[in-house]
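Q: I would like to learn how to read packing, pairing and empty space from a set of coordinates. Can we work through a case?
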Amino acid sequence: MNHARAETNTRGAMIPAAPKLGAKAWILIDAATGSVITSHNSDMRLPPASLTKMMTAFVTTREIKAGRMKGNDTVTISENAWRTGGSRMFLDPGSTVSIQDLLSGVIIVSGNDASVALAEHVAGSEGVFVGMMNATANTLGMSNTHFMNATGLPEPAHYSSARDMATLAAAIIGEGTGSYSLYSKKYLTWNGIRQANRNLLLWRDPSFDGLKTGHTEAAGYCMVASSHRAGRRLISVILGASSTHKRTAETGKLMGYGFRFYDTKTYEKGGEVLTESALWKGKERSIALGLLDDLILTLPQNIKRKVETRLEIDGPLEAPIAAGTIVGRLELYDDGQKLGSRSLVTLEDGKVGAWWKRWWDTMHLFFLKMTRSWFADADIA
């Protein structure tokens, strides 16, 4: 780790500079918040090699989750799939293999034959399946990604970025499609051939439970990793390292830095009442406000941090108003530095009151607006 420089976060806490790695690009994010802890060339378009197979598996498991196929459905292995070069599951042409077994071959041992077999079964052809991959990438916001095949074999227009691969990894983990447990499997035996997962960190550190490695001459040595420690999960991506050892070591450096010097904390709970605001023309005199979701932030460790909460409500609230309506902002500050913000919403429906209350509040609002307008004009004068 490079300690030559140190970053000072709010209120004077010292955080060592992030490590400089031997790779073309990298990124480290918190899985819960998506916050980037450190990165380098994270939007650079680079060949992803077999990291591509994360999307191949993701598209397939989404099809299973949507009910359009089942994991125990069988696939007849085509000669085209069997002939695919590179790393292999060692499938036999004409044999029938379950989708679940093919997913194991794709994820655990990076089988190109299994990847093509899945693509052909899911979409009829690898070309159509690639269209599904690119559509999914677009949906996830992977703006620096374009796939040309389901394997990651070299193609000039086949590329991704460290940030996009981290986004995909977070989606795989977050959607809980049922296949994530395969990423932590160390071995797969098929056709009497036992092969090991190329993610060496699965043997070295029990906190690692995925995800994928890749290598071609053009891509160098790549790795997407996930580690879960003490209730926190971080995701790292290394692209373009010089060796298997290098991508493993650099991943360890990234994860060590993130877990040691950053924390992820829930500052406000979604659905809880943060404040109440006056409700004009309503059946009730006030309405509860809060957040739709938890406000979780990943920040540099700092035991001296004193978080200040500021609420801003957009003007008088008038009934009727539906639950979930955005009516302002919640902002968190530390010593004048903004840490994060979220939309403030109504937590309940604001129903209209009786006619006489609506009339009375209408008159009050009219005079209130007139008074504010008068003072504003006076200030200008």
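A: Start with helix packing, where the class depends on the angle: under 35 degrees counts as roughly parallel, over 145 as roughly antiparallel, 65 to 115 as roughly perpendicular and the rest as oblique. Keep in mind throughout that this is a predicted model.

Q: At what angle do H3 and helix H4 pack, and how far apart are their axes?
A: The angle between H3 and H4, which spans residues 112–123, is about 140°, and the axes are 8 Å apart. H3 and H4 are therefore oblique to each other. As for handedness, H3 passes H4 in a left-handed crossing.

Q: How do helix H1 and H3 pack?
A: Helix H1 covers residues 52–65; H1 and H3 pack at about 160°, with 10 Å between their axes. That angle is over 145, so H1 and H3 are roughly antiparallel to each other. The crossing of H1 past H3 is left-handed.

Q: Now the sheets. Which strands form the five-stranded open sheet, and in what order?
A: A sheet is read by its strand order and by the sense of each pairing. Here the order is S4-S3-S11-S10-S9, the sheet is open, and the pairing is antiparallel. Strand S4 (36–40) and S9 are at the edges with a single partner strand each, so one side of each has no neighbour in the sheet. From one strand to the next, the twist averages 5°.

Q: How many bridges join strand S3 and S4, and which residues stand opposite each other?
A: Strand S3, residues 25–30, pairs with S4 in the antiparallel sense over four bridges. Ile27 stands opposite Ser39 in S4, and Ile29 stands opposite Val36 in S4.

Q: What lies between S3 and S4?
A: S3 and S4 form a hairpin, with five residues between the two strands. Gly34 is in the turn and has a positive phi of about 75°.

Q: What is the strand order in the sheet of six strands, and what kind of pairing does it have?
A: The six strands form an open sheet in the order S16-S18-S19-S14-S13-S17, and its pairing is mixed. Strand S16 (307–313) and strand S17 (317–318) are the edge strands, each pairing on one side only.

Q: How does strand S13 pair with S17?
A: Strand S13 runs over residues 275–280 and pairs with S17 in the parallel sense, over two bridges. Within this part of the sheet, Trp280 stands opposite Glu318 in S17.

Q: Next, the backbone. Which residues does a cis peptide bond join, and what is omega there?
A: Look at omega for each peptide bond in turn. One cis bond joins Gly210 and Leu211, with omega about 10°. Leu211 is found in strand S9, which is an edge strand of the sheet of five. Another cis bond joins Ala319 and Pro320, with omega about 5°. Pro320 lies in the loop between S17 and strand S18 (326–334).

Q: Which residue has a positive phi although it is not a glycine?
A: Phe90 does, with phi about 70°. Phe90 is placed in the loop between helix H2 (79–82) and strand S6 (96–98).

Q: How is empty space found, and how many cavities of 30 Å³ or more does the structure hold?
A: Rolling a probe the size of a water molecule over the atoms shows where empty space is left. The structure holds two cavities of 30 Å³ or more. About 50 Å³ of space lies in the largest, and about 30 Å³ lies in the second largest.

Q: Which residues line the largest cavity?
A: The lining is made of Ile107, Ile108, Val109, Ser110, Asn197, Arg198, Asn199, Leu211, Lys212 and Thr213. Helix H3 (99–109) and strand S9 (208–216) are the elements that give two or more residues to this lining. By class, the lining has four nonpolar, four polar and two charged residues. Leu211 thus returns here as a lining residue, having appeared above in the cis bond with Gly210.

Q: Which residues line the second largest cavity, and how do they divide by class?
A: Its lining consists of Lys24, Leu46, Pro47, Ala218, Ala219, Cys222, Leu239 and Gly240. Six of these residues are nonpolar, one is polar and one is charged.

Definitions and conventions:
Residues are numbered from 1 along each chain as its sequence is written. This is a predicted model: local features need pLDDT of at least 70, side-chain atom pairs count only at pLDDT 80 or more; totals for chains, interfaces and linings use all residues. Side-chain values use heavy atoms; hydrogens and water are left out. On a 1 Å grid over the protein atoms alone, a cavity is a set of points where a 1.4 Å probe fits but cannot get out, and a pocket is an open set with protein on both sides within 12 Å along at least five of seven lines; lining residues have an atom within 4 Å of a point. Grid points are joined across faces, edges and corners, and a volume is the space filled by probe spheres set on the points. Ala, Val, Leu, Ile, Met, Phe, Trp, Tyr, Cys and Pro count as nonpolar, Asp, Glu, Lys and Arg as charged, and the others, Gly among them, as polar. Two strands pair if DSSP finds at least two bridges between them. Axes are lines fitted to C-alpha atoms, for helices over the stretch in contact, and angles run from 0 to 180 degrees between N-to-C directions. A crossing is left-handed if the near helix is turned anticlockwise from the far one by less than a right angle, and right-handed if clockwise.
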